Amino acid sequence: MSQVEGAGGGGLAPWATITGTGSSNQIGGSAYVTRMNTQGDYELRIAGAAVGVHDRVELGMARWSFRLADVVPGRSLEMNVASVKVRLAGDAVYDQDTWMPQISVGAQYKSAQDRDLVKALGASATSDIDVYATATKLWLGAAAGRNVIASGAVRLTRANQFGILGYGGDLNDRHRPQFEGSLAYLLNRRFAVGAEYRMKPDNLGIAGEDDAFDVFVAWFPNKHISLTAAYVDLGNIVIADDQRGLYLSLQAGF
């Protein structure tokens, strides 16, 4: 699947896996579109693509469009993301009989395009870089013959609402470690269910921020296509509390 900022992984959290179906001597890739509506207040649309090189390096990009709907009618916020991920050790598939997870590190350069509004909210910067380390472990044959995937990441960030509202602010202007995690249970070859949690910093006095979590179901009709549906809780976004809604993401990979 594809993470909202374009890395291979779950919807909220990046995994240590490299996108695409390519092996250690191949190049693979993926492209995805994602849409989320939150109780009529906001609408998020994302499109992105990534390339995996020799199951070692991943390069990605994503474009966000965040429509403010009833909060600021007719206004949308845009954000561009460029990312890189490198697998350092382990193999989630071939090391599944050992304690060793697959381990990767990554960086995501984000740039909020509506600079005037971002600055008016009190953000210190309109662009910044998140860096993270992630470990992903697969247990084949676990849980009465089913497969379980667990992944955890630590991200150094000062992004406001993933970066769409800029970086840093009057409450905090430093990069701080935030935890992100995913747990998925594969019902069979075609379906998986799971949950994710992502901590977010609270940097802006004018726009309190909560952590995010989701529960999801993913369908894999074949190895090239995945469709993910999730119920997502983003908490407070600027002046709107309890922002929850349905998330849909379609990915094609090769």
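In this predicted model, Glu209 is buried, its relative accessibility being 8%. Its charged partner is Lys200, with which Glu209 forms a salt bridge whose closest N and O atoms lie 3.7 Å apart. Lys200 is likewise assigned to the buried class, because its relative accessible area of 7% falls under the 20% limit for that class. The pairing of such residues can be understood in general terms, since side chains of opposite charge can pair when their charged atoms come close.

The surroundings of Lys200 can be described further. Lys200 is located in the loop between β9 (191-198) and β10 (212-222), and its side chain also reaches the backbone oxygen of Asp210, at 3.2 Å. When neighbours within four places in sequence are left aside, the residues in contact with Lys200 are Gln161, Phe162, Gln178, Glu209, Asp210, Asp211, Ala212 and Leu234. The salt-bridge partner Glu209 and the residue that offers its backbone oxygen, Asp210, thus both appear in this list of contacts.

A further salt bridge connects Asp128 with Arg158, and here the closest N and O atoms are 2.8 Å apart. The two residues belong to distant parts of the chain, separated by 30 residues, with Asp128 placed in strand β6 (residues 127-139) and Arg158 in the loop between β7 (147-157) and β8 (176-186). Asp128 has a relative accessible area of 12% and is therefore buried, and for Arg158 the value is 12%, so that Arg158 is buried as well.

The salt bridge between Arg63 and Glu78 has its closest N and O atoms 3.6 Å apart. This pair, too, links distant parts of the chain, given that Arg63 lies in strand β3 (residues 57-67) and Glu78 in strand β4 (residues 76-89), 15 residues apart. Arg63, with 38% relative accessibility, counts as partly exposed, and Glu78, with a relative accessible area of 21%, is also partly exposed. The value for Glu78 does not place this residue among the buried ones, because that class requires a relative accessible area under 20%.

Across the structure as a whole, 16 salt bridges are present, including those between Glu209 and Lys200, between Asp128 and Arg158, and between Arg63 and Glu78.

How values were computed. Residues numbered from 1 in each chain as written. Predicted model: local features only at pLDDT ≥ 70, side-chain atom pairs only at ≥ 80, totals over all residues. Heavy atoms only, no water. Salt bridge = Lys/Arg side-chain N within 4 Å of Asp/Glu carboxyl O. Helix = DSSP H or I, 4+ residues; strand = E, 2+ residues; numbered from the N terminus. Buried < 20%, exposed > 50% of the residue type's maximum accessible area, 1.4 Å probe, protein only. Polar contact = N/O pair within 3.5 Å; in protein donor to acceptor, adjacent residues only side chain to side chain. Contact = heavy atoms within 4.5 Å.
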